[in-house]
Amino acid sequence: MKSLPVRKDIRLQGYDYSSNGAYFVTMCVKDGHPVLWRPDVGTHSVRPLSETGNIVKTAVENIPEIYEGVFIDKFVIMPNHIHMIARIESGGRTLCVPTISRIIKQCKEYVTKQIGYSIWQTRFHDHVIRDEEEYKRIWQYIEENPVKWAEDCYFVR
């Protein structure tokens with residue numbers, strides 16, 4: 001019998017993803033479909049959000065309302081992916097602090113329930129932000145992402 005391929009574990013081994021700190025997260029739409037911007041309005045690099053994109057925006061903005069001590073410092077919704085800086089500040093309470101995986105799972109589930117089907121890749125990319133310089137660089141990347149869309153690795157026409 002042919003064995004199934006084993007997925008590579010993409011999380012940092014031994015790291016507590018409920019730890020206080022900032023995390024750079026990217027969630028992608030399945031198969032790169034550009035469903036989050038309206039294709040018929042705006043310029044090549046700046047378009048208004050589609051109906052689905054607005055649902056995603058609500059989901060991201062609701063994260064701090066759902067999880068005490070979790071903040072979304074910066075985010076951008078691109079045609080087929082989202083970048084965000086999520087920050088956890090538990091204030092010493094360790095029993096109720098969610099992990100980044102739980103936060104992203106809930107966000108994706110909200111969108112799926114609102115539109116009636118999943119648009120998401122099963123995984124997401126995360127990076128633990130290690131210092132203020134890195135935080136500023138990632139903030140700038142998120143800020144400039146829409147105007148640099150044609151250069152982005154997720155770009156599709």
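Contact here means heavy atoms within 4.5 Å. With that in hand, here are some close-ups of a predicted model.

**Figure 1. The whole chain, a predicted model with three helices and four strands.** Follow the sequence along and you get the pattern β-α-β-β-α-β-α. Of the contacts with a separation of 6 or more, 67% are between residues 24 or more positions apart. Of the 157 residues, 39% count as buried. The chain's accessible surface comes to about 9600 Å², and carbon and sulfur atoms hold 53% of that.

**Figure 2. How confident the predictor is.** Averaged over the chain, pLDDT is 85, and 75% of the residues score at least 70. Where pLDDT is low, the predicted coordinates should not be read in detail.

**Figure 3. The largest nonpolar core, with its 28 residues.** Which residues touch the most other members here? They are Met27, Met84 and Ile100. Several elements give two or more residues each to this core: strand 1 (21-28), helix 1 (51-66), strand 2 (70-77), strand 3 (81-88) and helix 2 (100-115). There is also a second, separate core of nine residues, and among its members are Trp37, Val76, Ile85 and Ile138.

**Figure 4. Helix 1 and what lies over its buried residues.** How far apart should the ends of helix 1 be? At 1.5 Å a residue, its 16 residues should span 22 Å, and the end C-alpha atoms are indeed 22 Å apart, so the two values agree. The buried residues of this helix are Thr52, Gly53, Ile55, Val56, Ala59, Val60 and Ile63. Their cover includes strand 2, strand 3 and helix 2.

**Figure 5. Ser50, in the loop between strand 1 and helix 1.** Is Ser50 buried or exposed? Its relative accessibility is 10%, so Ser50 counts as buried. Skip the neighbours within four places in sequence, and Ser50 is in contact with Val35, Leu36, Trp37 and Arg38. Trp37 has turned up already, as one of the residues in the second core. The side chain of Ser50 also reaches the backbone nitrogen of Gly53 at 3.0 Å, and Gly53 is one of the buried residues of helix 1. Asp40 sits 10 residues away from Ser50 in sequence, with 9.8 Å between their C-alpha atoms.

**Figure 6. Asp31, another residue in the loop between strand 1 and helix 1.** Check the backbone here: phi of Asp31 is near 60°, a positive value in a residue other than glycine. Why does Asp31 count as exposed? The cut-off for exposed is over 50% relative accessible area, and Asp31 counts as exposed because its relative accessibility is 65%.

**Figure 7. Pro79 and Asn80, in the loop between strand 2 and strand 3.** Pro79 counts as buried, with a relative accessibility of 5%. Asn80 is buried too, and its relative accessible area is 3%. The cut-off is under 20%. The side chains of Asn80 and His81 make a polar contact of 2.8 Å. As for Pro79, its C-alpha atom is 9.5 Å from that of Cys28, although 51 residues separate the two along the chain.

**Figure 8. Helix 2, a helix of 16 residues.** From first C-alpha to last, helix 2 reaches 23 Å, close to the 22 Å expected at 1.5 Å a residue. Which of its residues are buried? The list runs Ile100, Ile103, Ile104, Gln106, Cys107, Lys108 and Val111. Ile100 is also one of the residues that touch the most other members of the largest core. Strand 1, helix 1, strand 2 and strand 3 are among the elements covering the buried residues of helix 2. Just after the helix comes Gly116, with a positive phi near 95°.

**Figure 9. Lys105, a residue of helix 2.** With a relative accessibility of 44%, Lys105 counts as partly exposed. A polar contact of 2.7 Å links its side chain to that of Glu109. Thr122 is 17 residues away from Lys105 along the chain, and their C-alpha atoms are 9.4 Å apart.

How values were computed:
Residues numbered from 1 in each chain as written. Predicted model: local features only at pLDDT ≥ 70, side-chain atom pairs only at ≥ 80, totals over all residues. Heavy atoms only, no water. Core = buried A, V, L, I, M, F, W, Y, C linked by side-chain atoms within 4.5 Å. Buried < 20%, exposed > 50% of the residue type's maximum accessible area, 1.4 Å probe, protein only. Expected span 1.5 Å × (residues − 1). pLDDT = per-residue confidence, 0-100. Areas by Shrake-Rupley, 256 points an atom, 1.4 Å probe, with all protein chains shown as cover. Polar contact = N/O pair within 3.5 Å; in protein donor to acceptor, adjacent residues only side chain to side chain.
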